[in-house]
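Q: I have a model in front of me and want to learn how to read it. Can we go through it feature by feature?

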Amino acid sequence: GALTMNRSLVTANSAAVDVGGFTADIDAAITNSLIAANSASGVAGGAYVSGSAVIAGSTIASNTASLGAGLVATSSLLVSNTTIAANAASTRSGGVLLGSRSTASFVHASVVSNTAPIAAGIAFNGAGPHFFTNTLLSGAVADQCTGTATKVDFSSIATDSDCGLRTVPSVAVGPLGAYGGNLPTTPWSTNAEGRGPAWSNS
C-alpha cells in the first residue's frame, strides 16, 4: 500500500516521545499540505517517513523536537516546490534529518530559518548522493549542515560551506524564505480577468 495526502492539515499535535505529526512506514505522496506546529520530545516533530516519499507544494513549518524537528526521512525522498521553515530542534537537525540509507532530491525548495545547535538546516547521516536544484538553504544559525554525504548542486545556494552547495556568506532571503510552502515556491497564473492567487509578501 501507499499513503496519499493532498490538501491535508497536520497541525498542533504532540507526542510524549517520538513523532508529533505523523509516521509513514510505507511509500508516501504528500502534496499541497501543511505540517505545522507539531511537537515531540524525542525524534521527528513534524513527520517521519521510512518509505519512499514525495513531498510537493507543501509547507513543513514551526515543528519542534529534540532531533529532526521538521522532517526525518530514511529512504528515497523528493522535495519539490516546498518550504521547510522555522522548525526548531533542541539537539540536532532543525529542518531535515536524512537517515543513513537515504537519498534525497530538493527541487525548487526553500529550507530556511530552521534552528538547532548542530545542523539547523539539514543533517546528512548517509553517503547519499543528494541532489539540489534551484534550492535555498539559509538561516541565521551559522551551522546549517552536517555530514559528509555526496551532494550534487544545480543552481542552489547556501550560507554554510558544509552544505556542499555554492556558498553565499549572507543571503537576504526576502520572498524566497517567506513561509507558505506551495505559495511562494510554486508558479501561479491569472484568470481571464487578470486575477490570481497572492501571498502575504506580495
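Q: Which strands form the open sheet, and in what order?
A: A word on the source: this is a predicted model. Strands of a sheet pair through backbone hydrogen bonds, either parallel or antiparallel. Here 6 strands form an open sheet, in the order S4-S8-S12-S16-S19-S22. The pairing is parallel. Strands S4 (22-24) and S22 (145-146) stand at the edges with a single partner strand each, so one side of each has no neighbour in the sheet.

Q: How many bridges join S16 and S19 inside that sheet?
A: Strand S16 (residues 96-98) and strand S19 (residues 122-124) pair over 3 bridges, in the parallel sense. For a residue-level view, find Val-96: Ile-122 in S19 stands opposite.

Q: What is the overall make-up of the chain in helices and strands?
A: The chain has 25 strands and 1 helix. Of its 202 residues, 47% count as buried. The accessible surface comes to about 8700 Å², and carbon and sulfur atoms account for 54% of that. Now look at sequence separation. Take the contacts between residues at least 6 apart in sequence: 67% of them join residues at least 24 apart.

Q: Which side chains of strand S20 are buried, and which are not?
A: In a regular strand the side chains alternate between the two faces of the sheet. Strand S20 (residues 130-133) shows this alternation. His-130 and Phe-132 point to one face and are buried. Phe-131 and Thr-133 point to the other face and are not buried.

Q: Which strands does S20 pair with?
A: Strand S17 (residues 103-107) runs parallel to S20, joined by 3 bridges. Val-107 is opposite Thr-133 there. Strand S23 (residues 151-154) also runs parallel to S20, with 4 bridges between them. In that pairing, Phe-131 has Val-152 of S23 as its bridge partner.

Q: Which residues make up the covered and uncovered faces of strand S5?
A: In strand S5 (residues 27-31), Ala-28 and Ile-30 form the covered face. Asp-27, Ala-29 and Thr-31 form the uncovered one. Strand S1 (residues 2-6) runs parallel to S5, and 5 bridges join the two. S5 also pairs with strand S9 (residues 53-56) over 4 bridges, again in the parallel sense. Ala-28 is a good residue to click on. Leu-3 stands opposite Ala-28, and in S9 the bridge partner of Ala-28 is Ala-53.

Q: Which residues touch the most other members of the largest nonpolar core?
A: In soluble globular proteins, nonpolar side chains tend to be buried together. The largest nonpolar core here has 32 residues. Those touching the most other members are Phe-22, Leu-71, Leu-77, Leu-98, Phe-106, Ile-122 and Leu-137. Try Leu-137 as an example. Beyond its neighbours within four places in sequence, Leu-137 has contacts that include Val-111, Ile-122, Phe-132, Cys-145, Ile-157 and Leu-165.

Q: Is Ile-84 buried or exposed?
A: The cut-off for buried is under 20% relative accessible area. Ile-84 has 1%, so Ile-84 is buried. Ile-84 is found in strand S14 (residues 83-85). Leaving out residues up to four places away in sequence, Ile-84 touches Ile-60, Val-79, Gly-95, Val-96, Ser-110, Val-111, Val-112 and Asn-114. Check a distance too: the C-alpha atoms of Ile-84 and Gly-70 are separated by 7.2 Å, with their positions 14 residues apart along the chain.

Q: How many aromatic pairs does the structure hold?
A: A pair of aromatic rings is described by the distance of the centres and the angle of the planes. The structure holds 2 aromatic pairs. In one, Phe-106 and Phe-132 have ring centres 5.1 Å apart and planes at 10 degrees, so this pair is stacked. Phe-106 lies in S17 and Phe-132 in S20, so the pair ties together parts 26 residues apart in sequence. Phe-106 is buried at 1% relative accessibility, and Phe-132 is buried at 0%. Phe-124 and Phe-132 also form a pair: edge-to-face, 6.3 Å centre to centre, with 75 degrees between the planes.

Q: Which residues form the aromatic cluster?
A: Phe-106, Phe-124 and Phe-132 form one cluster. Phe-124 is buried, at 3% relative accessible area.

Q: Which charged end sits over the ring of Phe-124?
A: That of Lys-151, 4.6 Å from the ring centre.

Definitions and conventions
Residues numbered from 1 in each chain as written. Predicted model: local features only at pLDDT ≥ 70, side-chain atom pairs only at ≥ 80, totals over all residues. Heavy atoms only, no water. Core = buried A, V, L, I, M, F, W, Y, C linked by side-chain atoms within 4.5 Å. Buried < 20%, exposed > 50% of the residue type's maximum accessible area, 1.4 Å probe, protein only. Contact = heavy atoms within 4.5 Å. Pairing = 2+ DSSP bridges. Areas by Shrake-Rupley, 256 points an atom, 1.4 Å probe, with all protein chains shown as cover. Phe/Tyr/Trp six-rings, centres within 6.5 Å; stacked < 30°, edge-to-face > 60°. Lys NZ or Arg CZ within 6 Å of the ring centre and 35° of its normal.
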